[in-house]
Amino acid sequence: GRTRATSLGALIAAAALVLTACGGSGGSGSAAPTALSPTQNFEPGKATATDTPFSRPKVADAGDIAVTVDEGFQDYNNNTGSANSLANQYVTPLLTPSPFFTDEHTTLRLDTDYMQSVTVTSQNPQVVEYKWRPEAVWSDGAPVGCKDMYLLYLAAVSPVKDGEAQIFDSRPTGYDQISKIDCSADQKTVTVTFATPFADYRGLWSAAGQGGSEMLPAHILEQRTGIADITKVDPRVDSPQLRAAGTFFTTGWNGFDPAVALSAGPFRI
């Protein structure tokens, strides 16, 4: 994924954003984690690879928090080439669900407030099983799960164009090595099969992958386009449903509209 860095000195008060902490705990409500231990296994080809888990401590609602940054938040969907910016990257990881993230010690963490597990179940072919927690939901109560993952895959790999430009202004890295995504009936177990192994699978659909990997509420796209099930839309077959999805993906989340820019994270705008 793309990597960006900024110094604290660059965070001048040029624009203000108000975030509201979502009350209670972040999912599991477990106690604060103990000291970090070097359990991260960076051998993704091995089915025994394990990840350092993280669960947010239970805390009181922090209320509104004012944040100053050097450039104003612009677009809820930071996955498109036209919108992608660091200004959005300050905000989107606070709102969107993510299987993995990188903590202040640059340790890759499995976010167990969202995930029950992420497991490499096969090496040849590489198969990764994602199990989302039942209580992982968007702020309107819709479940977080397979449809949301499939939408990013759809946007990244579709070759269909409108003139010279792809209808999804997104990037294929990593997603283009996926051969299929299978969803459980409740959308909470997602089985991702890779045609060729992808070592940085933890960066897909994750804040750890930086700009281009933020998950979006796919059910909102379904509602606004009339698509019954986004997982039934073939990314490689030109169809009215695919074009409708592409139009909403690239324009429907521009700027900030609270009706469509939902939160599934610890904060909401």
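This is a walk through the fold, from the whole chain to its sheets, its core and its helices.

The model is predicted. Its protein chain has 269 residues, and buried residues make up 47% of them. The secondary structure comes to five helices and twelve strands. Contacts reach far along the sequence. Among those between residues at least 6 apart, 69% join residues at least 24 apart. The chain exposes about 12,200 Å², and carbon and sulfur atoms supply 54% of that area.

Start with the four-stranded sheet. Strands of a sheet pair through backbone hydrogen bonds, either parallel or antiparallel. Here the sheet is open, its order is β6-β7-β11-β10, and the pairing is antiparallel. β6 and β10 are the edge strands, each pairing on one side only. From one strand to the next, the twist averages 15°.

Now look at the pairs inside that sheet. β7 and β11 run antiparallel and are joined by five bridges. In this pairing, Tyr130 stands opposite Val190 of β11. β11 also pairs with β10, again in the antiparallel sense and over five bridges. There, Asp182 stands opposite Thr191 of β11. β10 and β11 form a hairpin, with five residues between the two strands. Gln187 sits in the turn and has a positive phi of about 70°.

What lies across this sheet? α3 lies across β7, β10 and β11. The helix runs at about 160° to β10.

Next comes the core. In soluble globular proteins, nonpolar side chains tend to be buried together. The largest nonpolar core in this model holds 58 residues. Which members touch the most other members? They are Tyr130, Trp132, Trp205, Ile230 and Trp253. Several elements each supply at least two residues of this core. Among the strands doing so are β5 (108–111), β6 (115–123), β7 (126–132), β10 (178–183) and β11 (189–194). The helices α3 (146–157), α4 (218–225) and α5 (240–252) do so too. The largest share, ten residues, comes from α3.

Tyr130 deserves a closer look. Leave aside its neighbours within four places in sequence, and its contacts still include Pro99, Met115, Ser117, Val118 and Met149. Lys188, Thr189, Val190 and Val192 are also in contact with Tyr130. So are Tyr201 and Trp205. Two names recur from above: Val190 is the residue opposite Tyr130 in β11, and Trp205 is another of the core members that touch the most others.

α4 is the next stop. Its buried residues are Ala218, His219, Ile220, Leu221 and Glu222. What covers them includes α3 and α5. Just after α4, Gly226 takes a positive phi of about 80°.

Finally, turn to a three-stranded sheet. This one is also open, with the order β2-β5-β4 and mixed pairing. β2 (52–54) and β4 (100–102) stand at the edges with a single partner strand each, so one side of each has no neighbour in the sheet. Direction ignored, neighbouring strands here are turned by 45° against each other on average. β2 and β5 run parallel, joined by three bridges. Phe54 stands opposite Asp111 of β5. β5 links this sheet to the core described earlier, as one of the elements supplying at least two of its residues.

Conventions: Residues are numbered from 1 along each chain as its sequence is written. Side-chain values use heavy atoms; hydrogens and water are left out. A nonpolar core is a set of buried Ala, Val, Leu, Ile, Met, Phe, Trp, Tyr and Cys residues joined through side-chain atoms within 4.5 Å. Buried means under 20% relative accessible area, exposed over 50%, partly exposed in between (1.4 Å probe, protein chains only). Contact means heavy atoms within 4.5 Å. Two strands pair if DSSP finds at least two bridges between them. Axes are lines fitted to C-alpha atoms, for helices over the stretch in contact, and angles run from 0 to 180 degrees between N-to-C directions. Accessible areas come from the Shrake-Rupley method with a 1.4 Å probe; for residues, only the protein chains shown count as cover.
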